[in-house]
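I opened this model to look up a few things and to write down each one as I found it. These are my notebook entries, in the order in which I made them.

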Amino acid sequence: MSLLSWGMFPNIKNKIFNLRDEKSLSLYIETTDEFIPYGNGRSYGDSALSENIVYAKPYNNFLSFDEQNGILNAEAGVLLSEILEAFVSRGWFLRVTPGTKLITLGGAIASDVHGKNHHVEGCFSECVEEFTIMGVDGKIKSCKKGDELFLATCGGMGLTGVILSAKISLKKINSKNINQTTIKTKNLKETFEVFEAHKEKPYSVAWIDCLAKGEEIGKSLLMVGDFADDGNLEYKSKKKLTIPFNFPSFALNTLSVKAFNYLYYAKAKDGISYQKVDIDTFFYPLDAIGDWNKIYGSGGFTQYQFILPKEQSYEGLREILTKISASGKGSFLAVLKLYGKENENYLSFPLEGYSLALDFKIESGLFELLDTLDEVVLKYAGRIYLTKDVRVSKETFEKGYPQIEKFRAYRKEHKMDKKLNSLQSKRVQI
Amino acid sequence: MSYVLIIGAKSDIAKEVARVYAKNGYNLYLAARESLELEDLKQDIEIRSGVEVKLVEFDITAFDTHEEFYTSLHERPLGVIVVAGFMCEQKIAQNDWNKTLQTINVNYTGALSILNIVANDFEKERRGFIVGVSSVAGDRGRKANYIYGSAKAGFSAYLSGLRNRLYESGVSVLSVKPGFVNTKMTQALDLPQNLTAQPQDVAEDIFNAQQRGRNILYTKSIWMFIMLIIKHIPEFIFKKMSI
Ligand SMILES: Cc1cc2nc3c(=O)[nH]c(=O)nc-3n(C[C@H](O)[C@H](O)[C@H](O)COP(=O)(O)OP(=O)(O)OC[C@H]3O[C@@H](n4cnc5c(N)ncnc54)[C@H](O)[C@@H]3O)c2cc1C
């Protein structure tokens with residue numbers, strides 16, 4: 001059996017080692033030339049792909065829970081969805097969660113993921129108290145906030161070892177419901193204004209119609225929200241619809257994207273409206289359709305996510321959105337988010353500013369388009385998110401991450417650079 | 001809430017089955033040899049679901065201990081799920097009688113030994129459910145693993161007879177026929193991704209099928225069609241094939 005990542009591209013054969021216990025992992029590391037850890041494959045690109053994969057998902061026991069302080073100790077293969085299933089009804093929620101709950105604890109740390117609340121809570125590493133990790137010498141180290149291993153591992157894309165377990169702090173909630181405000185904006189300027197006006201709200205995100213042109217560029221639906229106080233904590237994951245096969249490629253063309261965006265945008269009332277929605281609807285709308293990645297056909301797709309510093313965000317985004325809408329290559333999903341302060345981790349993606357994420361079907365001409373977008377990103381001093389990437393060049397990548405040399409030196413010093421590698425780490429030489 | 005007894009609790013499928021039942025509020029008896037090794041799983045399930053988990057010592061091939069094992073459970077279970085299984089390479093099994101015997105005893109004789117006792121009890125009480133995890137390998141003997149397959153075939157036939165007998169007393173019997181599952185047992189095999197299920201999915205399938213009172217579950221469901229075809233290939237052709 002071979003494992004793919006979420007974007008289903010590239011499709012390479014790999015040998016899987018199922019992680020079940022520490023002893024056999026140690027033996028595996030000793031006897032394997034080169035490998036990379038793999039969680040639940042929700043990264044879009046090639047960061048978890050290699051000829052040899054350590055499949056960490058089977059390693060998934062809950063180890064302890066401190067009810068007083070809300071601190072959970074669990075093995076790295078535990079899914080965020082499993083944490084929610086166990087704890088929402090007891091009044092606890094993740095302090096930071098990405099737009100899918102189907103990722104492992106190890107994957108959350110390795111990508112130092114962010115959520116709709118980055119501008120107030122920061123990245124996932126904020127809620128990690130400590131973790132244990134097996135290095136290339138087959139030994140287990142435990143590591144706390146502030147350690148160099150911590151700085152390198154959070155956001156380090158699995159390139160510092162196999163994370164085995166982590167202690168994370170949860171946050172108290174009084175309800176599984178979220179009071180949501182939806183604001184429809186006319187253009188990018190208005191979108192920015194609304195983001196800034198709601199900066200104090202814990203959760204915010206905007207869906208951009210990325211095919212809009214001219215005056216309408218940047219028009220979006222902005223959603224802001226916070227947990228309600230109604231005491232309703234009944235939580236069960238919804239049964240999901242599944243897409244059983246790859247859609248034929250003609251199903252997805254500019255026209256259908258246009259129609260989707262149009263409908264999505266038209267569904268919301270003009271101006272401001274208010275809704276009460278549950279956790280899954282607010283945080284994980286895409287999880288409701290299992291395997292939705294198959295919509296893009298068997299050739300796969302990729303997500304292009306970049307971030308720009310705040311002062312340059314408006315100009316840069318306008319330029320990029322103009323290029324995309326002119327290219328006619330659209331995306332069902334174009335998500336715009338406001339970010340807070342950057343952290344100290346060597347390779348974490350967020351910095352204070354705005355990021356845009358768009359899905360593209362893999363097809364001829366796409367990588368050329370993305371290369372021209374890269375140029376704009378660099379011009380405005382931005383960077384690309386590794387966990388979504390499958391094609392960025394070494395040069396583009398490096399310019400975005402000023403701490404890259406520290407990371408490289410650390411890997412070299414601890415002999416990680418020979419044993420731990422993904423297709424991505426080889427491409428961008430980290 | 002009532003207890004569910006899981007026989008062969010160390011397997012990867014059993015671990016996930018245990019979690020699913022616990023998530024839905026059932027207390028558990030986890031039965032296996034050297035059951036103390038299941039301490040981590042017990043802990044895991046208690047943190048996740050807050051149900052009671054009891055580890056109980058059980059050897060499926062120690063037939064003469066089964067009666068006492070069952071009657072000494074402090075509360076009779078509402079349901080019993082037999083997940084115990086043993087598979088070794090066909091080449092090894094066909095050259096080593098002890099391995100053949102172990103295959104038969106774990107997959108067939110031992111399962112019958114404990115289920116006979118359970119069935120009599122459930123029939124008397126006129127309640128309860130029985131789940132037996134058999135295999136698609138029992139649907140037709142193939143040269144690649146017919147020793148294992150024949151033991152599972154026997155187990156499948158037993159379950160269907162049991163279902164027939166217990167129908168009147170309202171006790172449900174579910175036969176589960178997994179195809180390839182990504183577990184310790186199949187670790188060394190190169191399995192096709194589209195046909196290989198994850199233990200979590202198998203466990204969810206089992207829970208749903210059992211709760212709905214279904215009779216036979218193929219998981220993944222595509223195996224129902226595959227086995228339908230394989231079962232219908234005429235023997236004079238089948239014997240020449242390598243599948
Ligand atoms: C629908 C959707 C929405 C998303 N939304 C967001 C979002 O809002 N914000 C965001 O930040 N991300 C988002 N993502 C990306 C996702 O959160 C990350 O890619 C995450 O890392 C995936 O985790 P995984 O367990 O699937 O890991 P994988 O995809 O399997 O691996 C990702 C990386 O983690 C490493 N890794 C995995 N397990 C371990 C381990 N045990 N030890 C060491 N390294 C390990 C791998 O080597 C790889 O580099 C989204 C993805 C999807 C599909």
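**Entry: salt bridges.** I count a salt bridge where a side-chain nitrogen of Lys or Arg is within 4 Å of a carboxyl oxygen of Asp or Glu. I keep in mind throughout that this is a predicted model. With that cut-off I looked up Lys23(B) and Glu204(B), whose side chains meet in a salt bridge at 3.3 Å, N to O. The pair links distant parts of the chain, since Lys23(B) sits in helix α1 (residues 12-23) of chain B and Glu204(B) in helix α7 of chain B, 181 residues apart. Lys23(B) counts as partly exposed at 39% relative accessibility, and Glu204(B) is also partly exposed, at 28%. I then noted a network in which salt bridges that share partners join Glu82(A), Glu16(B), Arg19(B), Asp44(B) and Arg48(B).

How many salt bridges does the structure hold over all chains? I find 41 of them. One of these is formed by the side chains of Glu34(A) and Lys426(A), at 2.6 Å from N to O. The two residues are 392 residues apart, with Glu34(A) in the loop between α1 (22-31) and β2 (36-38) of chain A and Lys426(A) in helix α14 (residues 423-427) of chain A. I read Glu34(A) as partly exposed, with a relative accessible area of 22%, and Lys426(A) as partly exposed at 46%.

I also looked up Glu319(A), which forms a salt bridge with Lys379(A), the closest N and O atoms being 2.8 Å apart. Glu319(A) lies in helix α9 (residues 310-327) of chain A and Lys379(A) in helix α10 (residues 366-379) of chain A, so this pair ties together parts that are 60 residues apart in sequence. Glu319(A) is partly exposed at 24% relative accessibility, whereas Lys379(A) is exposed, with a relative accessible area of 54%.

**Entry: where chain A meets chain B.** Which residues of chain B lose the most area to chain A? Before answering, I noted that the area buried between the two chains is about 1,800 Å², of which carbon and sulfur atoms give 35%. On the chain B side, Ile47(B), Arg48(B) and Gln193(B) lose the most, and together they make up 35% of what that side buries. The contact takes 24 residues from chain B and 23 residues from chain A, and I count three salt bridges between the chains. Lys23(B) comes up again here, as Glu85(A) forms a salt bridge with Lys23(B), the closest N and O atoms being 3.3 Å apart.

Gln193(B) also turned up when I looked at Leu3(A), which lies in the segment before β1 (15-18) of chain A. Leaving aside neighbours within four places in sequence, the contacts of Leu3(A) include Ile12(A), Tyr38(A), Leu49(A) and Gln193(B). The C-alpha atoms of Leu3(A) and Tyr38(A) are 9.0 Å apart, with the two positions 35 residues apart in sequence numbering. Leu3(A) is buried, with a relative accessible area of 7%.

**Entry: cysteines.** How many disulfides are there over all chains? The count comes to zero. Cys123(A) is in no disulfide, and the nearest cysteine sulfur, that of Cys154(A), is 9.1 Å away. The sulfur of Cys154(A) is in turn 7.2 Å from the closest cysteine sulfur, in Cys143(A), which is too far for a bond. Cys123(A) is buried at 2% relative accessible area, and Cys154(A) is buried at 0%.

**Entry: single positions in chain B.** Is Thr219(B), by its relative accessible area, buried or exposed? It is buried, at 1%, and I place Thr219(B) in strand β7 (residues 216-219) of chain B. Beyond its neighbours within four places in sequence, Thr219(B) is in contact with residues including Val176(B), Pro178(B), Val202(B) and Asp205(B).

Met185(B) lies in the loop between β6 (172-178) and α7 (199-211) of chain B and counts as partly exposed at 38%. Leaving aside neighbours within four places in sequence, Met185(B) is in contact with Gly85(B), Phe86(B), Met87(B) and Tyr148(B).

Last, I noted a nonpolar surface patch of about 420 Å², made by Met224(B), Phe225(B), Leu228(B) and Ile229(B). Of these, I checked Leu228(B), which is in helix α8 (residues 222-232) of chain B and is partly exposed at 47%.

Conventions
Residues are numbered from 1 along each chain as its sequence is written. Chains are lettered from A and ligands numbered from 1 in the order in which they are written. This is a predicted model: local features need pLDDT of at least 70, side-chain atom pairs count only at pLDDT 80 or more; totals for chains, interfaces and linings use all residues. Side-chain values use heavy atoms; hydrogens and water are left out. A disulfide is a pair of cysteine sulfur atoms within 2.5 Å. Buried means under 20% relative accessible area, exposed over 50%, partly exposed in between (1.4 Å probe, protein chains only). Patches are made of residues with over 30% relative accessible area and no salt bridge: like charges are joined within 9 Å, nonpolar side chains (Val, Leu, Ile, Met, Phe, Trp, Tyr) within 5 Å. Accessible areas come from the Shrake-Rupley method with a 1.4 Å probe; for residues, only the protein chains shown count as cover. Helices (H or I, at least four residues) and strands (E, at least two) are DSSP runs, numbered from the N terminus. Contact means heavy atoms within 4.5 Å. Buried area is the accessible area (1.4 Å probe) that two parts lose on being put together, summed over both.
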